[in-house]
Amino acid sequence: MRGDFTGRYRMLRLRNYFLTGLIICAPLAITAYLVKSMIGWVDSWVKPYLPDVYNPDTYLPVAIPGFGLLVAGFVITMIGFLAANIVGRSIVRYGEHLLDRTPLVRGIYKALKQIFETVLSNKESMFKKVGLLEYPRKDLWSLVFIGGDIKSEVSSLLADQYETVPVFLPCTPNPTTGYLVYVPKSEIIPLSMSVEDAAKMLISVGMVAPEYHAKTKALADAARKDMKKVVSA
């Protein structure tokens, strides 16, 4: 009897050790795989266009991973530097003018450019807050990313009825897809969690949730009450 208990105890410990190691190793392995895939994808695009004299793969016995990524970063930085002066801006405007005259390409280019400008310039229109929206029916709540005060045709048309706010309703477990909806501002319940925490919660299907600091909130409420008492006294 004692031997069976000892055996089960050892198996339980081995199981816990395995799960602990899996929790540590799995994220590292997946991250390394994604980084390696990204570097390989960039290298496969850049290296074929490099002259042989500048490509180390032509005279080294092994390929250098990430060299194409470094070249791409240098080229992008130099293009940004050249585009910052008058001559560069003129060339960019002329290139955009040519693209604007191409029927199919102009729509794709303008949409992508607007997306990158919005994401990289930290405009107020970015989704920086998280909230709750009663959707898809009453008593069911969904996480949404709240946009800034964007003045658009939609918000202008609805201004006579109520103040609206654009929100992005993401899908689970892929928060990069979803729906852009305009809803009355009064129907959104703001949350204190960050966009990153909300994305983790969506990707993990609710298994990874940010810690709610209820005790910290209670202490803050008590401190505010004490300050009010001091001021009133």
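Okay, let's start with one pair of residues: Leu133 stands opposite Ile188 in β5. A strand here is a DSSP run of E of at least two residues, a helix is a run of H or I of at least four, and both are numbered from the N terminus. β1 and β5 run antiparallel and are joined by four bridges; for two strands to count as paired, DSSP has to find at least two bridges between them.

Quick word on where this comes from. It's a predicted model, where local features need pLDDT of at least 70, side-chain atom pairs count only at pLDDT 80 or more, and totals for chains, interfaces and linings use all residues. Residues are numbered from 1 along each chain as its sequence is written, and side-chain values use heavy atoms, with hydrogens and water left out.

Now, the whole chain. The protein chain has seven helices and five strands. Reading from the N terminus, the order is α-α-α-α-β-β-α-β-β-β-α-α.

So how are the strands ordered in the sheet? The sheet is open, its order is β4-β3-β2-β1-β5, and the pairing is antiparallel. β4 (178-184) and β5 (188-191) are at the edges with a single partner strand each, so one side of each has no neighbour in the sheet. From one strand to the next, the twist averages 40°; axes are lines fitted to C-alpha atoms, for helices over the stretch in contact, and angles run from 0 to 180 degrees between N-to-C directions.

Helix α6 (residues 195-203) packs on this sheet and touches β1 (129-134), β2 (141-146) and β3. Its direction makes about 140° with that of β2. Contact means heavy atoms within 4.5 Å.

Let's walk across the other pairs. Seven bridges join β3 (residues 164-170) to β4, and Leu169 has Tyr179 in β4 as its bridge partner. β1 and β2 are joined by six bridges, with Val130 partnered by Phe145 in β2. In the hairpin of β1 and β2 there are six residues between the strands, and Asp139 takes a positive phi near 75°.

Last stop, helix α2 (residues 67-83), where Val75 lies. Is Val75 buried, partly exposed or exposed? Val75 is partly exposed, with a relative accessible area of 40%; buried means under 20%, exposed over 50%, and partly exposed is in between, using a 1.4 Å probe and protein chains only. Across the protein chain, buried residues make up 17% of the 233 residues.
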